[in-house]
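Colleague: Got a minute? I'd like to walk through this model with you, one piece at a time.

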Amino acid sequence: MAIPKSLTLTLISIFLLLNHSSSFVDGGAGDLLAELIHLRSQSPTAAIHLSDHLLRRILSLDTPRPFSFLIFFDAKQLHSKAELSLPTLKSEFSLLSSSFLTNNPEVNNNFFFFTIEFSESQNSFALFGVNSLPHLRLIPNSATDLKKDSIQMDASDLARLAESMAEFVEAKGKVNVGPIHRPPMISKKQMSVIVVVGLALSPFLLKKIVSGDTLLHDKYVWMLGSIFVYFFSVSGAMHNIIRKMPMFMMDREDPGKLVFFYQGSGMQLGAEGFAVGFLYTIVGLLLAFMTNVLVRVKSRTLQRVVMIIALFVSFWAVKKVIQLDNWKTGYGVHAYWPSSW
């Protein structure tokens, strides 16, 4: 039985139409991906500025999309609020995106980084249900419902800045970010100026050192320096500088409340480090006072009174440090007495 010519033409037309539609969809995804790559190459931080229109185009792609992406939600009108630290977090987000591009020069088209501004894209904020900042959200390539399928980063984890963002992306997005490349604290130009100034002043400084007429020959300077080094060591200040830890952070449950002590062993805020360092320094100074100054006092009664007060204050300070450690980690410190006693 011969197939009618009209039916044959209809089947051919349907096949060509379906093939054209499939090519159009693939071409749309490819064109958008190429545009995103171009926008990323134009950005100095490798983070793309996201708008409502661009977000709608991304969401119009069929799932799974050829890429996943991370969005940093920003609001310029809130940059003046120090407790939010939005400028710092945005700078850390830029470090994250640029480090990802540097560490993955060949395989980097399956993940993108976006920043979005509230005053320009209020519809997108409403689409994600964002009502507080700071806010960081990962959108997998299979996400259809942006509120349910996307993954929000816990605001408390942002205290560790770019490193914690990288851990979040690697854990939730299954993407290798690599190490964070931070700019050096002193640029090459600044270092050159320091070297030139040092060489110019070296004869004068050498003459002062030989004659013994410098601050380095003053014992009180060394005493203050040793106290500073002791405080710097026991307060965890080096950790705070390297990690750029904030002194405090905003409470997640009450945005108007500040948190100075973070419960958890994975992070330490600057304020609690200084508090512990201050308590340790009190104990150290009292011990130095009793062993170097108090022993020179002739009155035994005065010695005993001052020693009792010093021991009481030292016991109180150490007890507070132990209580803080117990509260943060959940581990208790118990006294141990040998059975032979």
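Colleague: Let's start with His 135. Which residues is His 135 in contact with, leaving aside its neighbours within four places in sequence?

Modeller: Keep in mind that this is a predicted model. With those neighbours left out, His 135 is in contact with Ile 71, Phe 72, Phe 73, Val 130 and Gln 152.

Colleague: What joins the side chains of His 135 and Gln 152?

Modeller: A polar contact of 3.4 Å joins those two side chains.

Colleague: And is His 135 buried or exposed?

Modeller: His 135 has a relative accessible area of 4%. The cut-off for buried is under 20%, so His 135 counts as buried.

Colleague: Which strand does His 135 lie in?

Modeller: Strand 4. Five of the five residues of strand 4 are buried, so the strand is largely enclosed by the rest of the structure.

Colleague: How do the residues of strand 4 split between its two faces?

Modeller: His 135, Arg 137 and Ile 139 are on one side, with Leu 136 and Leu 138 on the other. Both faces are covered. As background, side chains in a regular strand alternate between the two faces of the sheet.

Colleague: OK, so what does strand 4 pair with?

Modeller: Strand 4 pairs with strand 2 in the antiparallel sense, over five bridges. Phe 72 stands opposite Leu 136 there. Strand 4 also pairs with strand 5, again antiparallel, over two bridges. In that pairing, Arg 137 stands opposite Gln 152.

Colleague: Zooming out, what's the order of the strands in the sheet?

Modeller: The order is 1-3-2-4-5, in an open sheet of five strands with mixed pairing. Strand 1 and strand 5 (151-152) are the edge strands, and each pairs on one side only.

Colleague: Does anything pack on that sheet? I mean, which helix, and which strands does it touch?

Modeller: Helix 3 (residues 86-103) packs on the sheet and touches strand 2, strand 3 and strand 4 (135-139). The direction of helix 3 makes about 160° with that of strand 2.

Colleague: Now strand 3. How many of its residues are buried?

Modeller: Seven of the seven, residues 111-117, so strand 3 is largely enclosed by the rest of the structure. Phe 111, Phe 113, Thr 115 and Glu 117 point one way, while Phe 112, Phe 114 and Ile 116 point the other way. The buried set includes Glu 117.

Colleague: How is strand 3 joined to strand 1 and strand 2?

Modeller: Strand 1 (residues 48-50) runs parallel to strand 3, and three bridges join them. Ile 48 has Phe 114 as its bridge partner, and Leu 50 has Ile 116. Strand 2 (residues 68-74) is also parallel to strand 3, joined by seven bridges. Ser 68 stands opposite Phe 111 there.

Colleague: Switching to the core. How many residues does the largest nonpolar core have?

Modeller: It has 51 residues, and those with the most contacts inside it are Phe 69, Leu 70, Ile 71, Phe 93, Leu 96 and Phe 114. Apart from that core lies another one, of five residues, among them Val 276, Leu 279, Val 321 and Leu 324.

Colleague: What does Leu 96 touch?

Modeller: Not counting residues up to four places away in sequence, Leu 96 touches Leu 70, Phe 113, Ala 162, Met 165, Ala 166, Val 177 and Ile 180.

Colleague: And Ser 99, is that one buried or exposed?

Modeller: Ser 99 counts as buried, at 1% relative accessibility. Ser 99 lies in helix 3. With neighbours within four places in sequence left aside, Ser 99 is in contact with Val 177, Pro 179, Ile 180 and His 181. The C-alpha atoms of Ser 99 and Val 177 are 7.4 Å apart, though the two residues are 78 apart in sequence.

Colleague: Last topic: how many aromatic pairs are there?

Modeller: A search of the whole structure finds 13. In one of them, the rings of Phe 73 and Phe 125 have centres 5.1 Å apart and planes at 80°, so the pair is edge-to-face. That pair links distant parts of the chain, with Phe 73 in strand 2 and Phe 125 in helix 4 (residues 122-128), 52 residues apart.

Colleague: How buried are Phe 73 and Phe 125?

Modeller: Phe 73 is buried, with a relative accessible area of 0%, and Phe 125 is buried as well, at 4%.

Colleague: Which residues form the aromatic cluster?

Modeller: Phe 72, Phe 93, Phe 100, Phe 111 and Phe 113 form one aromatic cluster.

Terms used. Residues numbered from 1 in each chain as written. Predicted model: local features only at pLDDT ≥ 70, side-chain atom pairs only at ≥ 80, totals over all residues. Heavy atoms only, no water. Buried < 20%, exposed > 50% of the residue type's maximum accessible area, 1.4 Å probe, protein only. Helix = DSSP H or I, 4+ residues; strand = E, 2+ residues; numbered from the N terminus. Pairing = 2+ DSSP bridges. Core = buried A, V, L, I, M, F, W, Y, C linked by side-chain atoms within 4.5 Å. Contact = heavy atoms within 4.5 Å. Axes fitted to C-alpha atoms, helices over the stretch in contact; angles between N-to-C directions. Polar contact = N/O pair within 3.5 Å; in protein donor to acceptor, adjacent residues only side chain to side chain. Phe/Tyr/Trp six-rings, centres within 6.5 Å; stacked < 30°, edge-to-face > 60°.
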